[in-house]
Amino acid sequence: MSDGTQHPGGHALPRRHFLTGAAGGAAAAAVGITAVGITTATLTACDTPRGHKPDTTATPTPTPTAAIDRERRRPGTSDWRIRATGPPDAVQGFADKVSVLPGEEFGLYVSTTAPAFRVSAYRIGWYGGAQARRVWRSDRVAGRVQRGPRLIAATRTVRADWDRTLTVRTDGWPEGAYLLRLDAEHGHQRYVPLIVRSASTRGRTVLMHAPATWQAYNLWGGLSLYQGEGGAYSTRSLAVSFDRPYDKNGAEKFMVYERAVVVLAERLGLPLAYTTGIDVHADPTALNGVTAVVALGHDEYWTPEQRRHVTRARDAGTNVAFLGANTCFRRIRLERTARTAAQTSTNPGPTTSTTGTSAPSAPSATLRTVVCYKTDFRADPYLATHPTMATTDFRQPPGADPESSLTGVLYEGFPTDAPYVVYGADHWVFAGTGVRRGDSFAHLVGVEYDRVTPGAPTPTPGPAPIEIVAHSPLVCNGRKSHSDSAYYTVPSGAGVFATGTMRWVEGLMAGTRENGRNHGMDARTGAFVTRTTENVLRAFAEGPAARTKPRPRDNVRTVYAVSTP
């Protein structure tokens with residue numbers, strides 16, 4: 001996204017049998033978005049029967065893959081959505097970890113104007129269309145209003161230095177993406193997102209969630225990496241902290257740009273694993289032996305380590321799907337945060353260690369600050385001893401390294417709204433959709449977009465032939481350009497697919513009542529995006545795509561020889 005802006009997150013296709021039938025299927029498979037908007041307890045959910053009420057079906061299973069298979073067959077919980085957020089201070093909270101392994105504990109920090117609240121943990125999935133299952137629910141917890149935001153002046157970082165409200169163990173929680181719903185007694189609700197990441201990822205498709213990007217856009221306390229006092233870019237935060245609630249419903253970025261893929265992938269029955277970009281940053285082995293890694297709809301903020309580890313996985317045969325745009329655009333640094341005793345325990349006694357290297361969660365457990373100075377990178381004191389580690393765009397010096405060497409496409413602009421136009425209709429990613437060259441899908445390109453840019457760095461090792469499979473004319477800020485979906489392979493056999501539009505994941509919900517109006521996208525678009533995404537996920541789950549799918553046709557010069565720049 002362009003600096004200083006806080007964004008919201010043709011030829012008709014014939015009415016073929018696939019699209020008329022699949023539109024209904026896409027609607028059934030789509031995922032839901034609905035309108036959403038503390039007294040320190042001594043309750044420790046892992047230690048007392050009063051505080052820990054696991055669902056009676058949440059029992060451990062012998063292996064991770066068996067656990068997921070068993071989990072998918074369980075009945076879902078339809079009442080997982082938020083009904084009313086109420087005022088911003090009605091109820092809000094955050095966890096002290098972005099992810100945990102199954103069985104690990106985390107701290108939950110809650111502030112509410114209600115006398116009490118409860119917490120319910122919902123695992124996101126297909127569940128026969130319910131799209132979530134309640135895995136755990138707390139007892140009644142006394143509520144109180146915690147202290148206001150704290151501003152760290154040097155970096156204009158907002159933190160909620162609250163006392164821990166409860167400690168929750170995740171015994172019996174299957175790996176996956178979770179929404180913790182805070183239900184206050186006065187009827188208001190908010191989410192706290194949490195990833196229960198996979199201890200083993202080998203041989204599986206890894207969904208890589210993007211909490212660094214969630215946090216970059218988070219305006220809780222009045223500042224984000226985009227704006228500060230009065231909405232000004234010049235007063236924005238230079239670093240943002242995970243030690244604060246997310247604004248709005250508490251999980252907006254996850255709901256809009258990630259949840260639909262989780263539901264679809266679970267419905268397909270693929271062997272899945274779950275992680276975050278922060279965990280990939282912290283653990284060089286996190287992607288060893290995985291069949292595919294999926295970057296979701298808006299994954300803008302990466303560390304060089306995360307990028308290096310994803311690239312190394314690709315070069316070892318791991319397929320990579322970029323189901324959005326503006327991916328790997330910002331170079332960030334992650335920093336650790338110290339906590340006081342009151343912030344790390346709810347009662348006297350031992351607490352879970354968040355330091356050291358023996359526990360698998362330790363490397364990322366205290367990485368709680370995202371640093372990105374952007375255009376003010378020269379003011380970062382860290383740069384004096386790390387001159388190539390400017391926290392700005394990857395394509396900018398010093399240490400310029402445009403994202404296109406990994407993604408195959410280059411971020412170009414915001415905002416736009418344009419039809420998605422098919423170019424390579426016979427490409428395997430479009431199999432079964434019935435599309436022809438020139439078929440278009442209104443509003444699918446936006447609000448940000450990528451393109452294959454002749455002259456920009458191409459994937460390495462290479463040069464790797466890039467095939468443009470969709471080439472969509474658009475206008476952005478008065479300038480004519482294109483958005484491209486592209487595919488390439490590398491010598492390891494790995495395939496890489498990039499959609500080139502940030503609305504791709506929203507397109508999975510098109511034509512339903514989920515996620516509002518979805519920019520006016522219709523059920524036909526939902527069916528097309530769903531089938532194309534299914535093709536990519538299924539093919540990538542089989543191993544290096546070059547071994548089973550046709551080689552990409554190097555058509556960039558041909559496409560752009562007849563296109564308006």
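P415 has its place in strand β22 (residues 410–421), where strands are DSSP runs of E with at least two residues, helices are runs of H or I with at least four, and both are numbered from the N terminus. The peptide bond from F414 to P415 is cis, with omega near -5°. Another cis bond joins G446 and V447, with omega about -20°, and V447 lies in strand β23 (residues 440–451). For background, most peptide bonds are trans, and most residues other than glycine have a negative phi.

This is a predicted model, in which local features need pLDDT of at least 70 and side-chain atom pairs count only at pLDDT 80 or more, while totals for chains, interfaces and linings use all residues. Residues are numbered from 1 along each chain as its sequence is written, and side-chain values use heavy atoms, leaving out hydrogens and water.

Here are some residues with a positive phi.

| Residue | Phi | Place |
|---|---|---|
| K374 | about 55° | loop between β21 (367–371) and α10 (404–407) |
| H443 | near 70° | strand β23 |
| G269 | about 75° | just after α5 |

How buried or exposed are K374 and H443? K374 is buried, with a relative accessible area of 1%, whereas H443 counts as partly exposed at 27% relative accessibility. Buried means under 20% relative accessible area, exposed means over 50%, and partly exposed is in between (1.4 Å probe, protein chains only).

Now to a pair of helices. Helix α5 (residues 259–268) packs with helix α12 (residues 523–541) at an angle of about 60°, their axes 11 Å apart. The axes are lines fitted to C-alpha atoms over the stretch in contact, and angles run from 0 to 180 degrees between N-to-C directions. The two helices are therefore oblique to each other, a word for angles that are not under 35 degrees (roughly parallel), over 145 (roughly antiparallel) or 65 to 115 (roughly perpendicular).

On the α5 side, L264, A265, R267 and L268 meet T530, T533, E534, L537 and R538 of α12, with contact meaning heavy atoms within 4.5 Å. Nine of the ten residues of α5 are buried, so this helix is largely enclosed by the rest of the structure. Among the buried ones are R259, V262 and E266.

Finally, the whole chain: its secondary structure comes to 13 helices and 26 strands. Of its 565 residues, 62% count as buried.
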